[in-house]
Amino acid sequence: MSSIHPDLRYTADHEYVKATADAGVYAVGITDYAQGELGDIVYLELPKAGQSFAAHGTFGTVEAVKAVSELYLPVAGEVVEVNPRLEAEPAVVNSDPYGDGWMVKIKASAADVAALMDAAAYTAHLGGK
Amino acid sequence: MNTLRWRLLDSGADGGAEQMAVDAGLLDRARATGEAVLRVYAWARPTLSFGRHETARGRFSPAHLAAAGVDAVRRPTGGRVLLHDHEVTYSVTAPALNDEPLRESYRAINQLLLDALRRLGVAAEEAAPAPTPRPGSAACFAEPNAGELVVGGRKLVGSAQVRDRDALLQHGSILLADDQPRITHLADAPITPAVPAATLADALGAAPSYERVRDALAAALAARYEVLPALDTADVLAFAAPHRTRYSSDEWTWRR
């Protein structure tokens, strides 16, 4: 059973959105279920601060155990910060997906974020996985 | 993958950029048609392929490779550097099925490959789990990863996958003979030398023909899936066309 945090928002593609201390700024990463499915993460290709993406747009790729997967931004937004630690330590996404393993921080609309799945809906989406 | 309809495609030998463009095009075709394709191909010239995120600059140089008569491409898939020469290459493209976990598709394709190898008379098996190295630290056949196909603990088939929410591509090399030690001589910087790979030539006493390996793959496919009439390479050129620019460009190949 994967870990799901009650106060985050989620997508069917297994990304999460987490409020930060700054109003309108959210951390985005992949869920515990997603990191478990991928296996050991060896490389992340992430955007630069200042880049903007549409909702569900591809904002990067993650390489794990010889498979490359796309990363989708859950809501439209502008990247304001990229997690600098992941360049050297991509495995932090495996060990702490909801904490130190965040990938980008984005400026986004609170209404867009509120429209994503809550923890109960994401739990149902996983169907006990 | 059991519910998919499959097609076989024999593309034969061609340049590396074209082979990568066709694999990428087949990923689009899987999305567009809902069909899976098992493709078999070969390399017109010895070609080094870099993993999607792997560092090539500083480790290899276009001039050195050109002098050695070796082409270079960068794959859409992950993993590490590989020299394609005496091998039969396979690719599987398939639409994503109800969020099927990655390792299940990897396993289904491995079962297909293991069946084909058994038909050739080779008793291969899946490698046991081991820690995964970072891309850029070694060559692809240097050590087997969990789930890869080995004979006597040595890697026979190296595979890599890319997927998005709609489809997946997995391709890999079934070694006829071991060209991988040449990578050390093609590199400008020291790289971890490849441990001897397993080859079909070693396992069978002589390398089987491309056609024999292709036919074993086709028989393994037909034994487990519904297979529609084979595709012609001409049928997939329209899907490959939008990808040619990327895979033939130095900007992509030498981007890192």
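A residue is called buried if 20 or more other C-beta atoms lie within 10 Å of its own, exposed if 12 or fewer do, and partly exposed in between. By this criterion, buried residues make up 48% of the 256 residues in chain B. The model is predicted, and the exercises below work through parts of it.

**Exercise 1. Classify A:His14, A:His56 and B:His53 as buried, partly exposed or exposed, and state where each is placed.**

Step 1. A:His14 lies in the loop that runs between strand S1 (9-10) and strand S2 (15-19) of chain A. Because it has 26 C-beta neighbours inside 10 Å, A:His14 counts as buried. Its phi is near 75 degrees, which is a positive value in a residue other than glycine.

Step 2. A:His56 is placed in the loop between strand S5 (52-53) and strand S6 (58-64) of chain A, and its phi, near 70 degrees, is likewise positive in a residue other than glycine. Here 16 other C-beta atoms are found within 10 Å, so A:His56 is partly exposed.

Step 3. B:His53 belongs to the loop between S3 and helix H2 (62-67) of chain B, and with 22 other C-beta atoms within 10 Å it is buried.

**Exercise 2. Determine the strand order of the open three-stranded sheet in chain B, and explain which strands stand at its edges.**

Step 1. The order is S4-S3-S5 (chain B), and the pairing in this open sheet is mixed. Strand S4 (71-74) and strand S5 (82-84) of chain B each have a single partner strand and therefore stand at the edges, with one side of each left without a neighbour in the sheet. On average, neighbouring strands of this sheet are turned by 30 degrees against each other, direction ignored.

Step 2. Strand S3 (residues 47-50) of chain B pairs with S4(B) in the parallel sense, over four bridges, and within this pair B:Thr47 stands opposite B:Asp71.

Step 3. Helix H1 (residues 16-33) of chain B packs on the sheet, where it touches S3 and S4 of chain B, and its direction makes about 20 degrees with that of S4(B).

**Exercise 3. Trace the pairing partners of strand S10 of chain B, and establish whether its two faces are covered or open.**

Step 1. Strand S6 (residues 87-95) of chain B runs antiparallel to S10(B) and is joined to it by nine bridges; B:Ala94 has B:Leu168 as its bridge partner.

Step 2. Strand S9 (residues 154-163) of chain B also pairs with S10(B) in the antiparallel sense, over seven bridges, one of the bridge partners being B:Ile174 for B:Val157. A hairpin of three residues joins S9(B) to S10(B).

Step 3. In a regular strand the side chains alternate between the two faces of the sheet. On one side of S10(B) the buried residues are B:Ala167, B:Leu169, B:His171, B:Ser173 and B:Leu175, and on the other they are B:Leu168, B:Gln170, B:Gly172 and B:Ile174, which leaves both faces covered.

**Exercise 4. Identify the residues with the most contacts inside the largest nonpolar core, and list the contacts of B:Leu26.**

Step 1. The largest nonpolar core has 101 residues, and those with the most contacts inside it are A:Val28, B:Leu26, B:Leu48, B:Ile174 and B:Leu217. H1(B) gives the most to this core, with eight residues.

Step 2. Once neighbours within four places in sequence are left aside, B:Leu26 is in contact with B:Val37, B:Arg39, B:Ser91, B:Thr93, B:Leu169, B:Val236 and B:Phe239.

Key: Residues numbered from 1 in each chain as written. Chains lettered and ligands numbered in written order. Predicted model: local features only at pLDDT ≥ 70, side-chain atom pairs only at ≥ 80, totals over all residues. Pairing = 2+ DSSP bridges. Axes fitted to C-alpha atoms, helices over the stretch in contact; angles between N-to-C directions. Contact = placed C-beta atoms within 7 Å. Core = buried A, V, L, I, M, F, W, Y, C linked by C-beta atoms within 7 Å.
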